[in-house]
Amino acid sequence: MPPPTVPFFLTSTTLATTRNKPQPQPPPPCDAQSHATAASDASAASASYAARMRLNPHLALRLFDHLLRSGADPDPAAYALALAACARGRDRAAAAQLHAHAAKRGVVASHRRVRGRLVRAYAACGMLPHARRVFDGGTDNDMFAWNCLLRGYAREGGDADALQGFFARMPARNSVSWNTVLSWCVANGKYDEAITMFREMLVSQECQPDRVTLVSIVSAITCLGALALGLWAHAYVIRKGIEVEEKLSSALISMYSKCGFVEAAVYVFENSRAKMSLDTCNAMLSGFTVNGCSARALELFTQMESKGLVPNKITFNSVLNACSHGGLVEEGVRYFKRMSRVYGIEPDIAHYGCMVDLFSRAGMFEKAEEIIQTMPMEPDASMLKSLLGACRTHKNLELGKKAGHRLIEAAPNDNAGYVLLSNIYALDGNWRGVHKVRKLMLDRGVLKIPGSSSVELNGIYQKLKNTGYTPDTSQVLLDIDDEDVKESSLALHSEKLAIAFGLISTAPGMPIRVVNNLRICGDCHNAIKLLSKIYVRSIIVRDANRFHHFREGSCSCGDYW
């Protein structure tokens with residue numbers, strides 16, 4: 001909509017004040033000195049208000065209103081400061097009204113700084129068409145205006161072509177420009193594109209990557225599970241002397257942890273200047289948890305408390321997850337109670353979910369149901385998936401069916417609920433139930449995500465069978481009578497194929513790292529344990545649920561997966 005024509009400053013109160021204020025008398029027609037004096041006084045008043053606005057940015061709009069009431073015309077600096085306040089407060093009405101006020105006085109067209117701040121205010125308020133109109137109205141837009149509009153496109157999120165096209169048309173780009181696009185790529189799951197953009201940034205030599213750049217790139221590498229790239233990024237940080245402060249340290253810890261290289265994460269944690277900050281501790285706690293190091297996670301939590309560091313909700317979420325993944329039921333119950341009794345933290349849905357997961361993994365389904373029935377909110381999809389997965393593992397098929405139907409109601413567009421419920425029916429031999437669930441899935445247009453695995457270089461299925469491996473055909477949840485066909489279908493699971501490729505493509509003794517988009521099945525879990533023993537390899541598998549470190553025939557998850 002077009003900007004209002006009446007500035008918000010001219011409210012009824014302001015008008016009343018203006019009416020009661022004595023009107024200034026026109027100066028004598030030939031008194032040039034009086035004209036100069038009045039102009040000087042007005043300029044001084046505007047400069048004074050602008051100085052006060054700089055010192056009190058949270059009062060900028062109120063001071064601007066007082067400036068108008070004083071009868072003086074605002075200078076460009078005052079407009080810029082008032083518009084900056086609109087951007088900070090996401091105040092759409094004030095931004096539009098300031099635009100009208102400035103446009104009437106010709107300030108927008110003639111002052112690049114005011115135009116840039118107006119672009120920023122509109123972009124920050126989500127009024128991108130307005131921001132673009134102001135931007136297109138100027139012929140001398142500076143880097144600030146270009147970056148503000150670029151951030152506006154990034155904040156919109158969806159239109160990748162508009163963002164990339166605008167970025168390509170920029171006459172010059174600085175670190176803010178590159179960081180904006182890199183952050184957008186990471187936020188929208190375009191991790192490979194983020195890596196490509198970073199390489200283009202280095203080749204262009206327009207600017208040097210800073211800490212913000214490295215945080216985005218390390219985050220992208222984390223999601224890809226690309227340890228080699230992560231090692232390169234860390235080496236780049238060291239080589240360029242970039243300070244590893246709290247955010248970058250946390251990003252590096254998360255990257256190493258989620259690539260299965262937990263000792264490197266510990267090295268970063270122990271050598272960081274922000275070693276015992278809450279963020280880095282939370283990152284390290286999460287790293288220990290996902291890598292199956294439950295005892296080390298609880299030990300770190302004890303150190304945090306001894307150092308006087310006050311844990312938050314994220315901390316307890318990691319601690320409870322560590323107890324859940326380690327099968328430490330009593331410890332989990334104790335920490336759950338301490339959270340509210342000692343630290344006054346009220347459990348949220350994530351904490352209750354951890355407790356349901358804790359009891360479900362341990363086969364204590366009565367306790368899990370008790371948590372769900374007594375907690376002050378409805379169970380979410382994540383909680384029901386945990387319960388359903390445990391029902392499948394422990395063959396609690398009746399509860400699994402109830403949880404599965406409830407999961408489909410809670411998340412009707414998520415394929416996981418249909419697949420898990422179908423698997424429960426298949427385990428029960430109820431193929432009619434399987435058919436109904438699959439038909440419901442088809443009728444609603446919900447598609448199952450195909451399984452895929454990637455490996456940083458992968459095994460042998462036939463050799464497995466010759467060394468004592470027996471395929472667990474109960475994991476084939478299809479109506480197939482032929483056992484050989486069932487065994488063949490298990491052989492084609494993507495994680496087995498990825499490990500096979502790693503074994504024939506890497507030197508003996510080298511660790512094999514696999515990233516799988518789905519949860520690893522029980523047959524693959526057992527097979528990989530045996531593979532790690534046969535080939536004396538460390539095999540790290542990151543699935544949709546957690547990390548599994550296979551060494552010498554055992555797994556870090558302790559089969560709590």
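## Exercises on strand β3 and the cysteines

In this predicted model, strand β2, helix α30 (residues 522-534) and strand β3 together form a right-handed β-α-β unit.

**Exercise 1.** Determine how many bridges join β2 to β3, and whether the two strands run parallel or antiparallel.

*Solution.* Begin with the strand β2, which spans residues 512-516 and is joined to β3 by 4 bridges, the two strands running parallel. Then take a single position as an example: Val-515 has Arg-542 of β3 as its bridge partner.

**Exercise 2.** Identify the strand with which β3 pairs in the antiparallel sense, and find the residue that Ile-540 stands opposite.

*Solution.* The partner is strand β4 (residues 547-551), and 4 bridges connect it to β3 in the antiparallel sense. Within this pairing, the residue of β4 opposite Ile-540 is His-549.

**Exercise 3.** Sort the residues of β3 (residues 539-542) by the way they point, and decide whether they are buried or exposed.

*Solution.* Start from the general pattern, in which side chains of a regular strand alternate between the two faces of the sheet. In β3, Ile-539 and Val-541 point one way, whereas Ile-540 and Arg-542 point the other way. As to accessibility, all of these residues are buried.

**Exercise 4.** Establish how many disulfides there are, and explain why Cys-323 and Cys-555 count as buried.

*Solution.* Since a disulfide requires cysteine sulfur atoms within 2.5 Å, the count comes to 0 disulfides. For Cys-323, the nearest cysteine sulfur belongs to Cys-354 and lies 9.3 Å away. Buried means under 20% relative accessible area, so Cys-323 counts as buried because its relative accessibility is 0%, and Cys-555 counts as buried because its relative accessibility is 12%.

Notes: Residues numbered from 1 in each chain as written. Predicted model: local features only at pLDDT ≥ 70, side-chain atom pairs only at ≥ 80, totals over all residues. Heavy atoms only, no water. Buried < 20%, exposed > 50% of the residue type's maximum accessible area, 1.4 Å probe, protein only. Pairing = 2+ DSSP bridges. Right-handed = clockwise from strand over helix to strand, strands pointing away.
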